[in-house]
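Me: I would like to go through a model feature by feature. For each one, please give the general idea and then the case at hand.

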Amino acid sequence: PYPTLFPYTTLFRSQIAGQAVTIPTSAYTDAPISAANSAWVTIQAVAVNSSGNPIYISTSGQYTTGLTLSGENDVIVYPRFRLVRDATVLSDLNVPIFCYGETPGAGWHTYYIQMFSNPCYWYYPTASKRSMFVIETKR
């Protein structure tokens with residue numbers, strides 16, 4: 001009694017070329033990396049060849065705190081994080097988990113998640129299980 005219709009996915013997938021709507025790129029690293037002494041350390045990076053359309057960035061990761069000495073007391077040291085595109089700082093954060101969107105110019109761009117720690121006497125903060133997902137939306 002009902003007419004036969006093409007499945008939705010068959011009808012529309014055949015009309016859209018690969019990477020015509022989105023271009024996803026990602027990176028994941030399981031191993032821990034330690035923060036340096038008062039220097040920004042890159043903990044994840046993804047390069048993307050942008051066509052000048054909006055880019056969405058999603059990151060995740062785990063971190064441990066560092067420990068230093070202040071007088072006779074141990075003091076916990078929390079790392080800071082930031083998102084950088086090429087040499088431009090896009091956002092400063094307190095955790096490695098965030099989402100960010102922008103529309104950069106066309107061409108190759110590299111996005112970095114970086115971690116910073118103040119000097120530590122006992123041990124420095126670390127980051128592990130860090131990922132970055134970058135997707136350019138074309139439509």
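**Reading the model**

Reply: Lys129 lies in strand 11. The model is a predicted one, and this residue is a useful place to begin, as its backbone and its side chain both come up below.

Me: What is the phi of Lys129?

Reply: Most residues other than glycine have a negative phi. Lys129 is not a glycine, yet its phi is positive, at about 45°.

Me: Which residue other than glycine has a phi near 55°, and where does that residue lie?

Reply: Asp86 has this positive phi. Asp86 belongs to the loop between strand 7 and strand 8. With a relative accessible area of 34%, Asp86 is partly exposed.

Me: Back to the side chain of Lys129. With which residue does Lys129 form a salt bridge?

Reply: Side chains of opposite charge can pair when their charged atoms come close. Lys129 forms a salt bridge with Asp30, and their closest N and O atoms are 3.1 Å apart. This pair links distant parts of the chain: Lys129 is in strand 11, Asp30 is in the loop between strand 1 (22–29) and strand 2, and 99 residues separate them. Lys129 counts as partly exposed because its relative accessibility is 36%. Asp30, at 40%, also counts as partly exposed.

Me: How many salt bridges are found in the whole structure?

Reply: The search finds two. In the one not yet described, Arg85 is paired with Glu102, the closest N and O atoms being 2.6 Å apart. This pair too links distant parts of the chain, with Arg85 in strand 7 and Glu102 in strand 9, 17 residues apart.

Me: Are Arg85 and Glu102 buried or exposed?

Reply: Both are buried. Across the protein chain, buried residues make up 35% of the 139 residues.

Me: What does the secondary structure of the protein chain come to?

Reply: There are one helix and 11 strands. Along the sequence the pattern is α-β-β-β-β-β-β-β-β-β-β-β.

Me: In what order do the four strands of the open sheet stand?

Reply: Strands of a sheet pair through backbone hydrogen bonds, either parallel or antiparallel. Here the order is 3-10-7-8, and the pairing is antiparallel. Strand 3 and strand 8 each have a single partner strand and stand at the edges, so one side of each is left without a neighbour in the sheet. On average, neighbouring strands of this sheet are turned by 15° against each other, direction ignored.

Me: Over how many bridges do strand 7 and strand 8 pair?

Reply: They pair over five bridges, in the antiparallel sense. To find the register, look at Val84, which stands opposite Val89 in strand 8.

Me: Which strands pair with strand 4?

Reply: Strand 4 pairs with strand 9 (residues 98–102) over five bridges in the antiparallel sense. Its pairing with strand 11 is also antiparallel, over nine bridges. For the register, Ile57 stands opposite Tyr100 in strand 9, and Ser58 stands opposite Phe133 in strand 11.

Me: Those are neighbours in sequence. How should I think of their side chains?

Reply: In a regular strand the side chains alternate between the two faces of the sheet. Ile57 appears again in the next feature, the nonpolar core.

Me: How many residues does the largest nonpolar core have?

Reply: The core has 18 residues, and those with the most contacts inside it are Ile57, Tyr111, Met132 and Val134. At least two core residues come from each of strand 3 (41–50), strand 4 (55–64), strand 7 (80–85), strand 8 (88–93), strand 10 (107–116) and strand 11 (126–137).

Me: Which residues form a nonpolar patch on the surface?

Reply: The patch consists of Tyr63, Ile76, Tyr78, Val95 and Ile97, which together have about 480 Å² of accessible area. Tyr78 has its place in the loop between strand 6 (73–77) and strand 7. Its relative accessibility is 53%, so Tyr78 counts as exposed.

Me: How far apart are Ala39 and Gln114 in sequence and in space?

Reply: They are 75 residues apart in sequence and 9.6 Å apart in space, C-alpha to C-alpha. Ala39 is found in the loop between strand 2 (33–34) and strand 3. At 31% relative accessibility, Ala39 counts as partly exposed.

Key. Residues are numbered from 1 along each chain as its sequence is written. This is a predicted model: local features need pLDDT of at least 70, side-chain atom pairs count only at pLDDT 80 or more; totals for chains, interfaces and linings use all residues. Side-chain values use heavy atoms; hydrogens and water are left out. A nonpolar core is a set of buried Ala, Val, Leu, Ile, Met, Phe, Trp, Tyr and Cys residues joined through side-chain atoms within 4.5 Å. Buried means under 20% relative accessible area, exposed over 50%, partly exposed in between (1.4 Å probe, protein chains only). Two strands pair if DSSP finds at least two bridges between them. Axes are lines fitted to C-alpha atoms, for helices over the stretch in contact, and angles run from 0 to 180 degrees between N-to-C directions. Patches are made of residues with over 30% relative accessible area and no salt bridge: like charges are joined within 9 Å, nonpolar side chains (Val, Leu, Ile, Met, Phe, Trp, Tyr) within 5 Å. Accessible areas come from the Shrake-Rupley method with a 1.4 Å probe; for residues, only the protein chains shown count as cover. A salt bridge is a side-chain nitrogen of Lys or Arg within 4 Å of a carboxyl oxygen of Asp or Glu.
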